[in-house]
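Here's a quick tour of one model, heading by heading. Keep the viewer open and follow along.

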Amino acid sequence: MQIEKYRIEEFNHLHSAAHERKFAFAASSVKDPESILQKLIDFQIAIPSWALGTGATRFGRFSGGGEPRSLEEKIEDIGLLHALNRSSGAISLHIPWDIPQDYAAIKALAAQHGLRFDAMNSNTFQDQPGQAGSYKFGSMQHVDKSVRRQAVEHNIDVIKHGMALGSNSLTVWLADGSCFPGQLNFRKAFRNTLESLEEVYAALPENWKMYVEYKAFEPNFYSTTIGDWGQSYLLASKLGPKAYTLVDLGHHLPNANIEQIVALLLMEGKLGGFHFNDSKYADDDLTTGSIKPYQLFLIFNELVEGMDARGMEHATSLGWMIDAAHNVKDPLEDLLQSVEAIMLAYTQALLVNREGLAEAQQENDVVRCQEILQEAFRTDVRPLVAEARLRAGGALAPLGFYRKSRVRDQLVQERGLKTVASGL
Ligand code: LRH
Ligand code: MN
Ligand code: MN
């Protein structure tokens, strides 16, 4: 299905008087609202192809129906999101869950929805039918060279898919590690991983980036070979200028200071991108901003400060992606919520009084530092985000529109109640 423009306009018309009042107030209380609005219009967050169905659970999956049955339908779903919020203009593909059959047709379909192809994701954490070696004991770290070679070749294959689609980055997340002490020689595992990544790196086209994602634990519960930002940073540094660290918010040990990690990686020019989600305990893959919105704001605060200090374009210098999947929510509603939370945190970070903060830090005025940050965080920026969306042709209230026009019911009618999308 497609959402016709006139229906969004009709919906916006109904809500415009209330919005205008709120926007006038919000705009009058911030410095340079026009430049903020332009930044928001430019900011796009990629949707992963594996987030459009229910998932992220080792236990039962409870489909709400109408899940996309093919890559084409996944693109269509992201097109719906983008039509409503105008901030989801990219798709992050996972191979082999979403292998394109006809590149030209897939590219044309994505373009029709205003979508580009963001980072490609490889998968050496599951065995595929017909595959010679098994990843049971790791992939790029494996003691057997032929399994490492197989993992490298898969990644090179993913790069080729990406090249055909116009993507320019590869995200490598490895489940490699060990479950019991003594199972693995840490140094050998790290060196094997580095050597394998070097082979993939050598196959990267000139304008491509490689994102090395880390994760503290799961599926391995004793050690993970790329377990934290230090290990990822070490690999990215050894690999070369096209390799960067990717920060997935759910991949840290509890209470890690992610904003500090972000600040230092940015400072070193090694921050590549993000997988946004939220969590209470570990890699929960919950809706971004649903548990720790202040942390999300603090991360964006470091991003804005660090990117401005280095003269980096906010919208294009880093890879912005969501990595979350849901079992109890309609995935499309959940993604609308995640994108909204990201836009709100970004906007609040743009409001931080930078000179005031630097001055207060210099004077060790701890109270004023906190006040400045919280002043921005407690500002209701929803009307600014809504105005940016309106100007870009989206709906004033994407979720409101989605529910009012019963999008999910229509998808169920088209696709059926018992569909299951490929994914985690
Ligand atoms: C597993 C994971 C990881 C990857 C994705 C493909 O933790 O969620 O974050 O990016 O699978
Ligand atoms: Mn991830
Ligand atoms: Mn994860």
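## Helix α2 against helix α10

In this predicted model, helix α2, covering residues 33-42, packs on α10 at an angle of about 150 degrees. The two axes sit 11 Å apart, and the crossing of α2 and α10 is right-handed.

Who's doing the touching? From α2 it's I36, K39 and L40, and from α10 it's M343, T347 and L350. Sorted by class, this α2–α10 contact has four nonpolar residues, one polar and one charged.

## Helix α10 against helix α13

Helix α10 (residues 331-351) also packs with helix α13 (residues 382-391), here at an angle of about 115 degrees and with the axes 9 Å apart. Angles of 65 to 115 degrees count as roughly perpendicular, so α10 is roughly perpendicular to α13. The crossing of α10 and α13 is right-handed.

On the α10 side the contact is made by E340, M343, L344 and T347, while α13 brings R382, L384 and V385. By class, that gives four nonpolar, one polar and two charged residues. If M343 and T347 ring a bell, they should: M343 and T347 are on the α10 list for the α2 contact and on the α10 list for the α13 contact.

## Around ligand 1

Which residues come closest to ligand 1? Nine residues surround the ligand, and the closest are N121, W173, D248, D283 and D323. Going by class, the shell holds five charged residues, along with two nonpolar and two polar ones.

## Two cis peptide bonds

Next, the backbone. A cis peptide bond links I95 to P96, with omega at about 20 degrees. To find P96, look in the loop that runs between β2 (90-92) and α4 (103-112).

There's another cis peptide bond between E218 and P219, where omega is about 15 degrees. P219 belongs to the loop between β7 (209-213) and β8 (223-224).

## Positive phi outside glycine

E218 deserves a further look. Besides preceding P219 across that cis bond, E218 has a phi near 80 degrees, a positive value in a residue other than glycine. E218 is in the loop between β7 and β8. Is E218 exposed, partly exposed or buried? E218 has 14 other C-beta atoms within 10 Å, so it's partly exposed.

N364 also has a positive phi without being a glycine, with a value near 55 degrees. Its place is the loop between α11 (354-362) and α12 (366-377). N364 counts as exposed because it has 8 C-beta neighbours inside 10 Å, and the cut-off for exposed is 12 or fewer.

## M312 in its loop

Last stop: M312, in the loop between α9 (293-309) and β11 (319-322). With 16 other C-beta atoms within 10 Å, M312 is partly exposed; that label covers counts between the exposed cut-off of 12 or fewer and the buried cut-off of 20 or more.

What does M312 touch, leaving aside neighbours within four places in sequence? The contacts are M307 and S317. For a long-range check, pick the C-alpha atoms of M312 and G416: the two residues are 104 residues apart along the chain, and those atoms are separated by 45 Å.

Methods
Residues numbered from 1 in each chain as written. Chains lettered and ligands numbered in written order. Predicted model: local features only at pLDDT ≥ 70, side-chain atom pairs only at ≥ 80, totals over all residues. Axes fitted to C-alpha atoms, helices over the stretch in contact; angles between N-to-C directions. Helix = DSSP H or I, 4+ residues; strand = E, 2+ residues; numbered from the N terminus. Parallel < 35°, antiparallel > 145°, perpendicular 65-115°, else oblique. Left-handed = near helix turned anticlockwise from the far one by under 90°. Contact = placed C-beta atoms within 7 Å. Nonpolar A, V, L, I, M, F, W, Y, C, P; charged D, E, K, R; others polar. Near = placed C-beta within 6 Å.
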